[in-house]
Amino acid sequence: MWCAVLRSVRAVRVVAESKGAGTVILLRKREHQRVNRLAACLYGKDSAIGSLLGVNKHESTSELLSPQAPAISFNKDDQDRLLKHSPDQPENPKVLKLAIIGAPNAGKSTLSNQLLGRKVFPVSSKVHTTRCKAQGILTEGDTQMILLDTPGMVNSIRAERHKLEKTFQEDPWQSVKLADVVLVLVDVSDKWMQKSLHAEVLKCLAKNSHIPSILVLNKVDLLKQKSTLLEVTGKLTEGMVKGRKAVIKSSKKTSDRSIQPDKESASLLKKETSEQPEGHRELSGVNPKDGGHQERTDKDLKDRSGWPHFQEVFMLSALEGDEVETLKKYLLTLAKPGEWDYHSDVVTTQAPQEICNNLIREKLLEYLPQEIPYNITQVNEFWEEGSGGELVIKQTLLVAKENHVKLIIGPGGELISRIAKEAGCDLMNAFLCDVRLQLAVKYRKR
């Protein structure tokens with residue numbers, strides 16, 4: 001029922017857009033109020049639906065008018081029309097294209113989802129959950145930020161060993177070339193990632209040194225000793241931020257830390273840039289158009305552990321959402337004047353079925369052991385809107401070994417039911433409608 005109301009309200013918005021910016025703003029405020037009141041009346045303020053729509057019994061009327069990420073249409077034709085629709089340009093539009101790169105399983109998709117305010121990218125504890133680049137669009141006020149989520153960076157040897165698609169090697173580099181700013185995400189809970197930046201990340205930064213970059217230390221909540229962040233930051237930045245020696249500043253919260261360039265307090269860092277070999281400091285002068293320096297650059301990178309040209313450093317927990325809002329506000333300030341690429345109702349460029357497949361695959365990766373989830377073929381058998389406005393999906397999972405069928409279904413069908421239930425909840429969050437997801441498992445000989 002409430003799905004139909006959402007669609008009717010969205011239709012009112014489209015009509016209003018032809019009447020001027022003032023009318024659009026007013027109707028959008030009223031739209032949000034109507035949706036919140038509907039959810040509260042029908043399901044209660046503490047209901048799952050209310051939580052999904054952003055209803056909170058502690059929010060004031062003014063807080064209810066805060067911007068919420070739009071729903072994604074589960075109709076491919078509607079999504080395609082919206083992507084082709086002329087952007088609703090504000091008076092002074094600003095744009096920022098942000099490429100998020102890092103090692104596999106650093107938390108890039110988790111951070112992207114948090115920044116967008118809606119789950120559109122798959123997340124799993126296993127590596128290589130994201131298989132290709134995808135775009136997320138965050139629109140706030142007169143600013144549009146385009147997030148270029150990418151697969152974890154791997155070298156050619158690892159890609160060949162694990163038979164990974166070409167996208168794993170090509171997409172991160174292509175995204176960086178399109179970006180205005182590069183965000184390097186590092187999992188500081190991984191002891192190996194604490195020692196140095198990923199080799200492919202360093203190579204990418206060096207070859208695109210003209211593009212501003214920022215360092216984000218993720219999963220700080222998993223560190224038992226927060227004091228190690230000081231040493232890690234020194235290694236990964238080589239003691240330099242924004243062209244100056246850096247110092248870490250702590251706020252009242254022990255987990256709330258940020259890095260600021262500071263000339264006078266550099267003694268707090270363990271690694272002084274002045275003590276490093278000359279080759280470590282000369283890289284800032286590398287001209288990406290000058291091929292004569294390429295061999296020297298590659299040789300220098302082998303001896304490096306960090307990048308001394310980050311503009312800022314942030315520490316956060318993408319999973320818990322700690323300090324993500326601080327990062328988002330900072331990123332929005334980096335936007336430059338320019339026309340929007342997408343309508344403000346666009347959240348992602350992915351097709352609805354692609355989102356569905358990715359979110360189901362996320363659960364398969366999470367619950368199935370070893371290589372089994374990587375060898376499953378997903379086939380959408382049915383995708384229709386039900387009589388009550390709900391989305392009905394039937395998908396078949398094809399496996400190459402007969403014994404995998406029982407393993408995926410689980411005792412009494414418990415595992416496949418859990419996967420369908422959790423994936424269905426994620427799809428509800430993406431499409432903002434009721435979702436009935438049915439999964440079947442079949443053996444198909446290859």
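A residue counts as buried when its relative accessible area is under 20%. By that criterion, eight of the nine residues of helix α5 are buried, and the helix is mostly covered. The structure described here is a predicted model, and helix α5 offers a convenient point of entry into it.

The setting may be given before the details. The protein chain contains 16 helices and 13 strands. It has 446 residues, of which 48% are buried. Among the contacts in the chain with a separation of 6 or more, 70% are accounted for by residues 24 or more positions apart.

Helix α5 spans residues 108-116. Its buried residues are Lys108, Ser109, Thr110, Leu111, Ser112, Asn113, Leu115 and Leu116. What do these buried residues of α5 pack against? Four strands take part, namely β1 (94-102), β2 (134-140), β3 (143-149) and β4 (181-187), together with helix α13. Just after α5 comes glycine 117, which takes a positive phi of about 80°.

The packing of α5 on α13 can be described further. Helix α13 covers residues 324-333, and its axis lies 10 Å from that of α5, at an angle of about 75°. Angles of 65 to 115 degrees count as roughly perpendicular, and α5 and α13 are therefore roughly perpendicular to each other. On the side of α5, the contact involves Leu111, Gln114 and Leu115; on the side of α13, it involves Val324, Leu327, Lys328 and Leu331. The residues of this contact divide into five nonpolar, one polar and one charged.

Attention now turns to a pair of strands, β5 and β9. Strand β9 comprises residues 310-315; five of its six residues are buried, so the strand is largely enclosed by the rest of the structure. Strand β5 (residues 213-218) runs parallel to β9 and is joined to it by four bridges. Within this pairing, valine 216 has phenylalanine 314 in β9 as its bridge partner. In general, the strands of a sheet pair through backbone hydrogen bonds, either parallel or antiparallel.

Two loop residues deserve mention for their backbone geometry. Lysine 219 lies in the loop between β5 and α10 (228-237), and its phi is near 65°, a positive value in a residue other than glycine. Lysine 242 likewise has a positive phi, near 60°, and is placed in the loop between β6 (240-241) and β7 (244-250). With a relative accessibility of 45%, lysine 242 counts as partly exposed.

Further along the chain is an open sheet of three strands, ordered β11-β12-β13, with mixed pairing. Strands β11 (377-385) and β13 stand at its edges, each with a single partner strand, so one side of each is left without a neighbour in the sheet. Direction ignored, neighbouring strands of this sheet are turned by 15° against each other on average. Strands β11 and β12 run antiparallel and are joined by eight bridges. One of the paired positions links glutamine 378 with leucine 397 in β12.

Helices accompany this sheet. Helix α14 (residues 352-367) lies across β11, β12 and β13, and runs at about 130° to β11. Helix α16 also packs on the sheet, where it touches β11, β12 and β13; its direction makes about 140° with that of β13.

The last element to consider is helix α15, residues 402-409. Which residues of α15 are buried? They are His404, Val405 and Ile408. Seen down the axis of α15, these buried residues fall within an arc of 110°, so they line one face of the helix. On the other side of α15, Glu402, Asn403 and Lys406 are exposed. The cover over the buried residues of α15 includes β12 (391-399), α16 (414-431) and β13 (435-443). Helix α15 is followed by glycine 410, whose phi is positive, near 80°.

The contact between α15 and α16 completes the account. The two helices pack at an angle of about 65°, with their axes 5 Å apart. Leu407, Ile408 and Ile409 of α15 meet Glu414, Leu415 and Ile416 of α16. The residues of this contact divide into five nonpolar, no polar and one charged.

Definitions and conventions: Residues are numbered from 1 along each chain as its sequence is written. This is a predicted model: local features need pLDDT of at least 70, side-chain atom pairs count only at pLDDT 80 or more; totals for chains, interfaces and linings use all residues. Side-chain values use heavy atoms; hydrogens and water are left out. Axes are lines fitted to C-alpha atoms, for helices over the stretch in contact, and angles run from 0 to 180 degrees between N-to-C directions. Angles under 35 degrees count as roughly parallel, over 145 as roughly antiparallel, 65 to 115 as roughly perpendicular and the rest as oblique. Contact means heavy atoms within 4.5 Å. Ala, Val, Leu, Ile, Met, Phe, Trp, Tyr, Cys and Pro count as nonpolar, Asp, Glu, Lys and Arg as charged, and the others, Gly among them, as polar. Buried means under 20% relative accessible area, exposed over 50%, partly exposed in between (1.4 Å probe, protein chains only). The arc is that of the directions from the helix axis to the C-beta atoms. Two strands pair if DSSP finds at least two bridges between them.
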